[in-house]
Amino acid sequence: MAKEFHYTWTWDLESSPEALWPLASDTNRFNRDTGLPPMQLLGISNGAKLVKFKIPLIDIRWEEDPFEWTYPYRFGILRRYKSGPLAEMRVDCRLEPLQPSGTRIIYDVQVKAANILGDIGIPLAIGFISAKRFESTFKRYDLITSNIGSIVMNIKGRNLSSSGQARFKVLSERLKEQGVDSSILSHLYEYMNYADDLSIQRMRPYALADGWKADRRTVLESFLRATRTGLLDMYWDILCPECRGVTDDYARLSDLHATAHCNTCQIDFTTNFDHNVEVIFRPNSAVRPVDATVEFCVGSPQRQPHIAFSLTVPPHEQLPFSTVLNEGRYSLHASEIPGTQILLAANDGLEQIDFRARLNGWPTGITKLGLSPNVRLINDTDSTLTFELVRTAWSDQAATAADVTTLQVFRDLFSSEVLRPGEEISVGATTLMFTDLRNSTRLYRDIGDAPAFGRVREHFEILEQAVTAEGGSIVKTMGDAIMAAFRNPVSAVRAVWNAQKQISARGEPPLSLKVGIHHGPCIVVNLNDRLDYFGSTVNIAARLPNFSVGGEAVLSESIRNDQEVIEFLEKNSPPNSLTRFQGDIRGYDQSIELWRVRIQ
C-alpha cells in the first residue's frame, strides 16, 4: 500500500494577500525560485496536461489537472504521476489576511509514494529541503512586495556582462541622439541588468511604463527605436481569447495568420489586432541572451489574471468562499452548463450572493455584486462542474498590434513589417481620418506651380506632425489628400484641429481642409507593401470630406458621441459651430446622421 505523507507549513508575512498574490500564484516563478528543474509539456488529454521534468537519469512524468484558485486567497493543484518515485501530490496554498495587516500563508502538501525511492526521498526532498526553500522564497517575496515594490527584481546580482553593458552604453547614446528620453533609458538599463530571466522574456512596454511612472506611448515609441538600433528585439504574441495565454510567438508581422489555435483550450479562433495580438520585447542577444523556451510550470493562476476564481464543485454540493474583484463587467460560466451569467462588480453591489448552476442555464439580465463578495457556488446537477468568473475587459497594459501599427514611428522605422499578401486581420475599433485640400487646383493657377507645390508640401508636413503628436499615423497620401489612422476618436479631432490652425496661418491665400472622421471595425491588409485598411468604416470615412466646404470637419455619429470628443468640442469649438445633418453615402440605402463642426 502506498505510503502517504502530509506536511503543513505556516508563515506570517507583512504584505497583504493582494500584494503577495502576483508572486505567490505565479508558480512558474515560484518553482524556479525554489530550485525545481524546468518542465516540458508533452500533451493534453481530457483537460489534463501530461508533463515531465527535464532532469537526467530519473524519468518523472505526471498528469496535471487545471489549477483551482480564488483571488487572492487560495490556489491548489493535483498531480497524478505516471513514472518516478511519486504516485500523487496535492498542493493547497491559502493566503489568510491578518489584522490589522499582513498575511498568514498556510501551505499544505499531501503526497503518496510510488515505491521505496519515494518512501526514502519524500521526507528529505519535500519535508526538509522544500520546507526550507519555500519559507525563504515567501519571505523574499514579502521583502520585495513590502519594500521594493517590484516583482521583477533579482537580488542575486547583475545580469548584463561587461560586453553587454558596453553595447547598451553605445546604443543608448544613439537613442539619445534620436530624442529618446534619458530617464527611460536609465529605467531600461536597470531593468535589463537586474530583472530575472522570466521577467525579461516578455517585456511589456505599457506595464513597464506604469511601473516607471512614465507616459505609455513614449515608452512604446522608445522601445520601437531601441529595436531599430539593435538594443531590443520585437515579437508579436498571439493570445487565446479563452485562457489569454500565448499560443504563438512571431518575430515578424508577416508570419501572422488570420486564424490561430490554442493547444491548451483546444479551440481555433480568429486573430484580432485589438485584443489578441500583443507586441512584446526582449533584449537583443548581443546585449543579454534570453532563453524564452524554459518553463518551470505549465499553468498557474497568475497566467490568467482575468479569472477571479476557478473552482470545482461536486454534484449536488455547494462551496462557500470570498474573493476580491475590480470594478467592471464579469461573466460566470460552468462546464456543461449553456450560456453565462453577466455580472457587474461595483461598490454598491451585493455582498452575499449565491450562484446556482442548473442544466437549463443561467438567469438573464445583469446582476450587480460587491467588490469583496461572499460567494456560494451551488451545483444542482448530477455532474462535477468547474465554475469560472472571468473579467470581460482585456488588460489595458497590453500594447496591442492595433496600438503599435497606428504609430507613425512604427510606420517610419518598420515599413517592411507588413502582413503576408492575401492575409486579412480584423481590427475591432479604429479611428480613420480623411483630409483634402480645398481648391488646390485653383491654388496652382493663382500663384504658380512652384509656390503652390511648396504650400501643398508644407501642408503635408504640418498634417504629419499633428497626426504623429496625437499617436496616429499617415496611412497614405492621394493627390492633395491623406488617410490617417488613430486609436481614439479625440486624437483625430485634436490632430486636425491643430493642423488647420497652422495651415491657415501660413501664407496667402490661406488654405483650408475638408475633413471626415469615422470610427469602427476594419480589416488590416497588405496593399502595395504597406499596411492598409479596408471595410465599410473606410468607405464611409473616405466620403465624409465631400460634405465639407473647407475649414470644417464632418464627424460620424460614433465620433460625435465619444465622451472625450464631446468634452473637447465643449472647450474648443465656438458657440453654435456644431450642426447636425443627414448625409447620403454612395453604396448605402439609408442616410446616416452626421455632424459638421467649424475648425477654422
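Which residues in α13 are buried? Keep that one in mind while you load things up, and remember that you're looking at a predicted model.

**Stop 1: helix α13**

Select residues 489–504, which make up α13. The buried set here is Pro489, Val490, Ser491, Ala492, Val493, Ala495, Val496, Trp497, Ala499, Gln500 and Ile503. An α-helix has 3.6 residues a turn, so residues three or four places apart point the same way. Try colouring Val496, Ala499 and Ile503, three of the buried residues. Next, check the length: α13 has 16 residues and reaches 23 Å from its first C-alpha to its last, close to the 22 Å expected at 1.5 Å a residue.

**Stop 2: the Asp274–Arg487 pair**

Step back to Arg487, in the loop between β22 (481–486) and α13. Now add Asp274: the two side chains meet in a salt bridge, 3.5 Å from N to O. Asp274 lies in the loop between β12 (267–270) and β13, so the pair ties together parts that are 213 residues apart in sequence. Buried or exposed, what is Asp274? Asp274 counts as buried, at 11% relative accessibility, while Arg487 is partly exposed at 21%.

**Stop 3: a three-stranded sheet**

From the Asp274 loop, move on to β13 (277–283). This strand belongs to an open sheet of three, in the order β10-β9-β13, with antiparallel pairing. Why do β10 and β13 each have one side without a neighbour in the sheet? Both stand at the edges with a single partner strand, β10 being residues 246–250. On average, neighbouring strands of this sheet are turned by 35° against each other, direction ignored.

Zoom in on β9, residues 232–239, which pairs with β13 over seven bridges. For a landmark, pick Asp233, which stands opposite Arg282 in β13. Then show α8, residues 216–229: this helix packs on the sheet and touches β9 and β13. The direction of α8 makes about 120° with that of β9.

**Stop 4: β16, β17 and β18**

Select β16 (residues 328–334), which pairs with β17 in the antiparallel sense over five bridges. Six residues sit between the strands of this hairpin, and Glu336 takes a positive phi near 75° there. Ser331 has Ile342 in β17 as its bridge partner. Follow Ile342 across to Ile366, which stands opposite in β18. Here the pairing sense is parallel, with eleven bridges joining β17 to β18.

Stay on these two strands and show Asp354 and Arg376. They form a salt bridge whose closest N and O atoms are 2.5 Å apart. Asp354 sits in β17 (residues 341–357) and Arg376 in β18 (residues 366–379), 22 residues apart. Both ends are partly exposed: Asp354 has 40% relative accessibility, and Arg376 has 29%.

**Stop 5: more charged pairs**

For a bigger cluster, select Asp26, Arg29, Arg32, Asp33, Arg140 and Asp196, which are joined into one network by salt bridges that share partners. How many salt bridges does the model have? The count comes to 38.

Finish at Glu96 and Arg94, another salt-bridged pair, with the closest N and O atoms 4.0 Å apart. Glu96 is partly exposed, with a relative accessible area of 34%, and Arg94 is partly exposed too, at 29%.

Methods
Residues are numbered from 1 along each chain as its sequence is written. This is a predicted model: local features need pLDDT of at least 70, side-chain atom pairs count only at pLDDT 80 or more; totals for chains, interfaces and linings use all residues. Side-chain values use heavy atoms; hydrogens and water are left out. Two strands pair if DSSP finds at least two bridges between them. Helices (H or I, at least four residues) and strands (E, at least two) are DSSP runs, numbered from the N terminus. Axes are lines fitted to C-alpha atoms, for helices over the stretch in contact, and angles run from 0 to 180 degrees between N-to-C directions. Contact means heavy atoms within 4.5 Å. Buried means under 20% relative accessible area, exposed over 50%, partly exposed in between (1.4 Å probe, protein chains only). The expected span of a helix is 1.5 Å times one less than its number of residues.
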